[in-house]
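Subject: Structure handover

Hello,

Here is the structure you were expecting. My notes on it follow below.

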Amino acid sequence: MSEILAIGSYTETDMAGLREMGARVIASLDAMRDLPEAERGDVRAVAYKGHHPFGAEEMALLPALGVIANYGVGYDAIDVGAADAAGVRVTNTPDVLNDDVADLAVAMLLMQQRRMRQGDAHVRSGAWAGGESFALNRKVSGRRAGVMGLGRIGRDIADRLAAFKMEMHYHSRSEKQTPGWRYHADPVDLAASVDYLVVALVGGPETENYVSREVIEALGPEGVLINISRGSTVDEAALLEALETGRLGGAGLDVFNGEPKVDPRFHALDNVVLQPHQGSGTQETRAAMGQLQRDNVAAFLAGKALPTPVN
């Protein structure tokens, strides 16, 4: 059995890179549980690509485990506390995906406010050629934008929105050095102060429903919520209710609770842009993420400093 176990659905490029390292590739944590005990005992490094919880029970099945290299910047599926207790290092793949995620956040905002999905349908249906005018939509530049979570990705989103001549606001665990952007210690206060609210929080229990019913109500009937973080960060029931009743103007969502199964109530809404969790989904970025994951595994096995440690 290899000392490297890769778990998840990988592209052919990543699969080739993993196999070149001598990794054994399996589809899921269930497949890992089915491995013979002797084979599990050889595993020192796991390359993990998945959203199912990887906790103390799973780590205990791999007694020689020393590192879990996560594919993705978000590592909320991995119990880092359990990893600490077991002496297991955890890594992720930050920075290489910032541009793509930030680009998609801005694209969803533009698509929602300029009603680009509806405009495309208007042309394709022949309505425009038939003389039917397309309804006016909303201007984006020059308005007030807020970013919830000014980490690496949040900062790149804010930089892009600032280029649209927007008045910038943000909420984070602490005040950051910014070019005059307004800091809000309270998330409700942030939402009440902006036209657009982009959620760029990390996932996990600490941020579950952080964008609460109160935050959504404060954003108001002209406000737009954009979420590229995790579905868990937003109170989805409150969001749907606000969108259906007009108490929130619109939304652009790349993440959902229970994805890929999305609440069908979203399908009926004309004021929402829906995306299939494809924030980092470009060929270039996914290749860079896979390479960084493998670099972390290789560094651990060579006894070198981990490129992007979490713990």
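A polar contact here is a pair of N or O atoms within 3.5 Å, where one atom must be able to donate a hydrogen and the other to accept it. In this predicted model, the side chain of Asp 254 reaches the backbone nitrogen of Gly 279 at 2.9 Å. A polar atom of the Asp 254 side chain also lies 2.8 Å from the backbone nitrogen of Gln 278.

Where does Asp 254 sit? The residue is in the loop that runs between strand E11 (250-253) and strand E12 (272-274). Asp 254 has a relative accessible area of 1%, so it is buried. Its C-alpha atom is separated by 4.6 Å from that of His 277, although the two residues are 23 apart along the chain. Leaving aside residues up to four places away in sequence, Asp 254 touches a set of residues that includes Leu 104, Met 108, Asn 227, Ile 228 and Glu 259. The run Gln 275, Pro 276, His 277, Gln 278 and Gly 279 is also among its contacts.

On annotation, UniProt lists residues 106-279 as "domain: D-isomer specific 2-hydroxyacid dehydrogenase NAD-binding", in an unreviewed entry. Over that range the chain is 29% helix and 16% strand, and the C-alpha atoms at the two ends are 11 Å apart.

Next, the aromatic residues. The structure holds four aromatic pairs. One of them joins Tyr 10 and Tyr 71 edge-to-face, at 6.1 Å centre to centre and with 90 degrees between the planes. This pair links distant parts of the chain, 61 residues apart: Tyr 10 is in the loop between strand E1 (4-7) and helix H1 (12-20), while Tyr 71 is in the loop between strand E4 (67-70) and helix H5 (80-86). Both tyrosines, Tyr 10 and Tyr 71, are buried. Another pair is formed by Tyr 48 and Phe 54, whose ring centres are 5.3 Å apart and whose planes are at 80 degrees, so this pair is edge-to-face. Tyr 48 is buried at a relative accessible area of 2%, and Phe 54 is buried at 0%. Tyr 71 has a further partner: Lys 49 lies over the face of its ring, at 4.5 Å from the ring centre.

How many salt bridges does the structure hold? The count is 20. In one of them, Arg 160 pairs with Asp 103, with the closest N and O atoms 2.8 Å apart. That bridge links helix H8 (residues 152-162), which holds Arg 160, to helix H6 (residues 98-113), which holds Asp 103, across 57 residues of chain. Arg 160 is partly exposed at 22% relative accessibility, as is Asp 103 at 38%.

Arg 115 forms a salt bridge with Asp 270, the closest N and O atoms being 3.9 Å apart. Here the partners are 155 residues apart, with Arg 115 in the loop between H6 and helix H7 (116-124) and Asp 270 in the loop between E11 and E12. Arg 115 is partly exposed at 25% relative accessibility, and Asp 270 is partly exposed at 44%.

Asp 195 forms a salt bridge with Arg 144, at 3.1 Å between the closest N and O atoms. Asp 195 is in the loop between helix H9 (187-192) and strand E9 (196-199) and Arg 144 is in strand E6 (residues 144-148), so the bridge ties together parts 51 residues apart in sequence. Asp 195 counts as buried at 13% relative accessibility, whereas Arg 144 is partly exposed at 31%. Finally, Arg 213, Glu 217, Glu 241 and Arg 247 are joined into one network by salt bridges that share partners.

Regards

Technical notes. Residues are numbered from 1 along each chain as its sequence is written. This is a predicted model: local features need pLDDT of at least 70, side-chain atom pairs count only at pLDDT 80 or more; totals for chains, interfaces and linings use all residues. Side-chain values use heavy atoms; hydrogens and water are left out. UniProt positions are given in the numbering used here, feature names are shortened, and annotations may be inferred rather than shown by experiment. Helices (H or I, at least four residues) and strands (E, at least two) are DSSP runs, numbered from the N terminus. Buried means under 20% relative accessible area, exposed over 50%, partly exposed in between (1.4 Å probe, protein chains only). Contact means heavy atoms within 4.5 Å. Rings of Phe, Tyr and Trp (its six-membered ring) pair if their centres lie within 6.5 Å; planes under 30 degrees apart count as stacked, over 60 as edge-to-face and the rest as tilted. A charge sits over a ring if NZ of Lys or CZ of Arg is within 6 Å of the ring centre and within 35 degrees of the ring normal. A salt bridge is a side-chain nitrogen of Lys or Arg within 4 Å of a carboxyl oxygen of Asp or Glu.
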